[in-house]
Amino acid sequence: LVEVQEEVKEEGVGQVAMRNLFSRATSSMETSSMETSSMEMVTVEKKSRKKNIRESAELELRKKQNSDNLTHPPEFIVRPRGQTVWEGKTVKLHCTVAGWPKPRVAWYKNNVLIDAKTHPDKYTVESNYNMHSLEIKNCDFLDTAQYRASSLNIKGERSCIATVVIKNEEVELEGVPVAPLDVLCHDANKDYVVVTWKQPAVEGESPILGYLIDRCEVGQHHWAQCNETPVKYARFPVTGLIEGKTYTFRVRAINRAGVSRPSRASDPVTAIDPHDRARHRAGPSAPFTGMIKFTEEDATVGVVPGEPTDLVVTEATKSYVVLAWTPPTQRGHEGVMYIVEKCIAGTDCWQRANTGIPVKSPRFALFDLAEGNTYSFRVRCFNSAGVSESSAPTAPITVGDMLDLPAAPGPAVATRNTDTSVVVSWGASKDVKHLVGYYIDHSVVGSNVWTPCNNKPVKETRFVCHGLTTGDLCVFRVKAVNAAGYSATSVESEAVVVKAAIAVSDVPIGVHLVEAARDYMVVGWKEPIVTGGADIRGYFVDYRTVKAGFIGQWRELNHKALTTTSYKAENLKENYFYQFQVRAVNMVGISEASLPSMALECKEYTLAKPGVPRCLHVLEVRNTSVVLLWEPPTFDGRSPVNGYYVDLKEAAPGEDWKGANNKATKLKYMKVNGLIAGRSYVFRVRAQNLAGVGEPSTVLGPVLALTMPGTHEIVLDVDDDGVISMIFECSKMAEGSKFVWSKNYKAMTDTSRLTIVTEGTIFNEPSLEDLGIFSCEVTNTDGVSASYNLTEAGLKHLLDISHDHKFPIIPFKTEMAMDLLEKGRVRFWTQVEKFTSDCKVEYVFNDVIVENGKKYTMNFDKNTGIIEMFMDSLMVTDEGTFTFNLIDGKAKGSTSLVLIGEVTQSVFLPGPHFVDYLDFEVTPECNVLLKATVRFYNRTSSCLFFGLQLCRKDAGMYEVKLKDDRGKDISLFNLTDAGTETLLSWFYCIQLIYYGSTAPLLWFHCISYSDRVNEPTEKDKGKYTINISDGKDGVKRVCDLSGQGRIYRARVVGGLPDVVTIQEGKSLNLTGNVWGDPTPEVSWLKNDKELVSDERYALKFENGKFASITIASVTPTDSGKYALLVKNKYGTEAGEFTVSV
């Protein structure tokens, strides 16, 4: 039986697939076939009614015996999509087809079968598993068509259509017109041809001013322009051709922006007499008989030809006039040539028009005629024997256009068609002569940019505009064209949205038995794959009886549309067989009936095990997974259902069922993982109760494991206000499509937890009650759906982000710190990590906002994020909390520094220090005064330390030290080398004056000149000269420093503060500058105990000048007195400072 079915299947597929391929051969051989068939014997078998009933019953029996029958008609899982591409590109159409037996797919172009084997350079057809493709190479205008994929097996045939539009690539040239189309040659003669073309769809940024015609001899590559002045008409007579040569022609359009690219070249045409061309095409009139006849020479040789006849004006435009006539009958064997003459109407002055080259053809075009003037024309012919009489002159004709522009077409009417196309219709132009066709343009509302919909003019008054963008709001207009040019555009259509038109839905699928009893049966089905762009409003169920091979009439079961996908048919007869079919209804109407179910028996369900699960369907189809959902069985058996098992297998012969779950699930959904992309699967579900596992459900599928292009997943988002929402995007919305949200695959009825908006849901008050799987399905689409599993950890993370968005905090790179500067100044500072230009700062001391003034100086550098506040000095009254408050929109930030307690006393009571360092002043009496300004216990006083009458013995380095138990300070004054050069040039004698100081614990020390050359280098070697002059006399002294040694005592010359206040957990890094020769030894002390470099303290001494200490992550135990101790053979010094954590 299987072998017979396979044979029938193969024969049927082959017959249908090749039916159109051999249609031409069949029609051409019809006559011979009829003659042959008349000779054959035809046998007709008449079946009896009894035999027919028996064969039908056997067929139904075979169907019932196959319990796991996967046979079903073809079904397009992925439909071929229409495309719009540029000329010369390659187009590939794809589709995926399911069905069993495996369908055969054939491709058609405008309902004509495509034979890829006959045209391998143009088409390539591939079929791999269930995926089929058609590749169209090197596309041109002729490839614009409707392509149909036809899928066929023994269960039926399905088709899908995709429209391919090929656009002219010249549109890419900005401003200039597109190249003209369809260049053709007409009325070719010995030296004359008429070239015609079609105007392009796009004129460019300005109207077309005219056309230029080029010609090229076949075999050459040089194009010569035929007309100097652009012609407005799409028709031009080319003269001056050389008899016997073959030419091709092309046309270029011109507007104010420039010249277009040339059109495609015309077919080659030979300049030859039409009679000779006809004679060449006809060939020899009779076969050669072997006999040659000799005749006498024709007596017409050397005879003057007769006059031409039938002279008429065939074309008249502003640019040229074309004459045509009939050659004379008496012209001799040598042929004739023609002379064309013109005359202004009302005069008798005839002028020769072809003064350059004689005319060989009975056609001639006259150019350079004055527009508006009236002319008459006549023709004479001549040969070697003489010139003929003139022909009869033409009637007077006025130079001007004989062909008017077409009238504007009627208003355009646009109607929706598909997601990427719109049907446009319009009224035909009235009283138009020689109409070439119509061009259709479209524009997206608000853009003011018009784009052509067709590259070639169409003569019908209806056109389908393809290649549009789904969802765009477009308007359309139409213009007519003939040889004279373009008409005015029609009235624009009303705006229309590019969306699929609403239509009747497809038929429901998968009609099956859900439950049966003695007098009723419950049947179920699946909704149509394509709903026609509108929601399914209900279903109608029909039934018929099947008994002993007799099939009854279909009868309606319900008169009111059902809203569910199952129905209980009551008042049936026990042990009878019935068939059911279902129709779907939407707002457009009622669909065709579904395929009938198999014959189902009405009998009592008495099993202890549960019935079959029903309403199987899938969501979220991806490359490696699919979500399967089902409804519980109508009949639970003797105990309630306590679980389900899901089985699957590949939709191919020989595959075995395998379980997706080893342990029964109590849920009515399951995500099946581990699928292989590109393969088709079938699924079934079995219910379980205490009595065992019931029968499997109706098989669902095949389902292709493939993520559709443009598929999106659900995204969780937290906005700037901290609102948590779920967003799902769909790019394939159709008319009436809606987002249907569910939780754990059940409709959400509790709106207190969530607010559902167009493309998402908003959590009102997120909590643990919201945990679960949230899914979204888009109606009126090809199963667009997605889900998101919200876990406890994910919810906690979202709540943290929400809190940060509701109450944003400005981050700091460093907390507030304090630096002590020269002369007792204090700097409070911090650095902000992230902020905007609108960020503002409040400077607060002890909860009181302070302003920029004498005591406080503020600065906020928004390039670096550093915030500073300066104070000239700190008093005891400044003890307290200093705070920087930052406000940046909703974001806030704050950092503080507390200066309270004994640790901070040293900050408020700094040790003695110099406000102004030691310097000199020259009095009018030529005395040199050395003075400085010092500060003790927040009191400032000016002190004069020396009064000098400058002389040579006074040269040297002067040093003043201030010291008490709180600290010390040093001021140096250099009266050596360059330091005294200026003074010595002014004074010859310096008087020494001493001023006492009342400052306690103060002394001074004079150091000789030779003790103070700071860090000499090789550059400092040489002779030094000092000139002392009083304006009249002078003295000169020289000092040679070319190598003698110097003594440099070890010193700490700077870099260390007096007090360091630092926050716990921060890192402390201090560097002191060291001086001395030989290089001093360096050590660090804490509370008079020497420190050792280890993991806690990093002690470094670099380049003999820089000593540093680093303490990582300070603690309160790091507070104390520290000292940098330097020592060499000339002395020892310590730089002390206090650290407060």
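The legends below describe close-up views of a predicted model.

Local features are taken at pLDDT of at least 70 and side-chain atom pairs only at pLDDT 80 or more, while totals for chains, interfaces and linings use all residues. Residues are numbered from 1 along each chain as its sequence is written, and side-chain values use heavy atoms, with hydrogens and water left out.

**Figure 1. The whole chain, with its eight helices and 83 strands.** Helices (H or I, at least four residues) and strands (E, at least two) are DSSP runs, numbered from the N terminus. Of the 1141 residues, 41% are buried; buried means under 20% relative accessible area, exposed over 50%, and partly exposed in between, with a 1.4 Å probe and protein chains only. The chain exposes about 62,700 Å², of which carbon and sulfur atoms supply 51%; these areas come from the Shrake-Rupley method with a 1.4 Å probe. Among contacts (heavy atoms within 4.5 Å) between residues at least 6 apart in sequence, 63% join residues at least 24 apart.

**Figure 2. Helix H6, residues 792–806.** The 15 residues of H6 reach 21 Å from the first C-alpha to the last, close to the 21 Å expected at 1.5 Å a residue. The expected span is 1.5 Å times one less than the number of residues. Leu-795, Leu-798 and Ser-802 are the buried residues of H6. Seen down the helix axis, these buried residues fall within an arc of 65°, so they line one face of H6; the arc is that of the directions from the helix axis to the C-beta atoms. An α-helix has 3.6 residues a turn, so residues three or four places apart point the same way. The cover over the buried residues of H6 includes strands E50 (715–718), E51 (724–727) and E57 (785–790). Ala-793 and Lys-796, on the other side of H6, are exposed.

**Figure 3. An open sheet of three strands in the order E18-E19-E22.** The pairing in this sheet is antiparallel; two strands pair if DSSP finds at least two bridges between them. Strands E18 (309–316) and E22 (363–367) stand at the edges with a single partner strand each, so one side of each has no neighbour in the sheet. From one strand to the next the twist averages 25°, with axes fitted as lines to C-alpha atoms and angles running from 0 to 180 degrees between N-to-C directions. Five bridges link E18 to strand E19 (residues 320–326), and Thr-309 has Thr-326 in E19 as its bridge partner.

**Figure 4. Strand E47 (residues 680–689) and its partners.** Nine of the 10 residues of E47 are buried, so the strand is largely enclosed by the rest of the structure. Strand E44 (residues 643–650) runs antiparallel to E47 and is joined to it by eight bridges, with Leu-648 opposite Phe-683 in E47. Strand E49 (residues 700–704) is also antiparallel to E47, through three bridges; here Ser-680 stands opposite Leu-704 in E49. Two bridges join E47 to the antiparallel strand E48 (residues 692–693), where Val-693 is the bridge partner of Gln-688. The hairpin from E47 to E48 passes through two residues.

**Figure 5. The surroundings of Leu-754 in strand E54 (residues 754–756).** Leu-754 is buried, with a relative accessible area of 7%. Not counting residues up to four places away in sequence, Leu-754 touches Met-748, Ile-762, Phe-763, Asn-764 and Phe-774. Pro-766 lies 12 residues from Leu-754 in sequence and 8.8 Å away in space, C-alpha to C-alpha.
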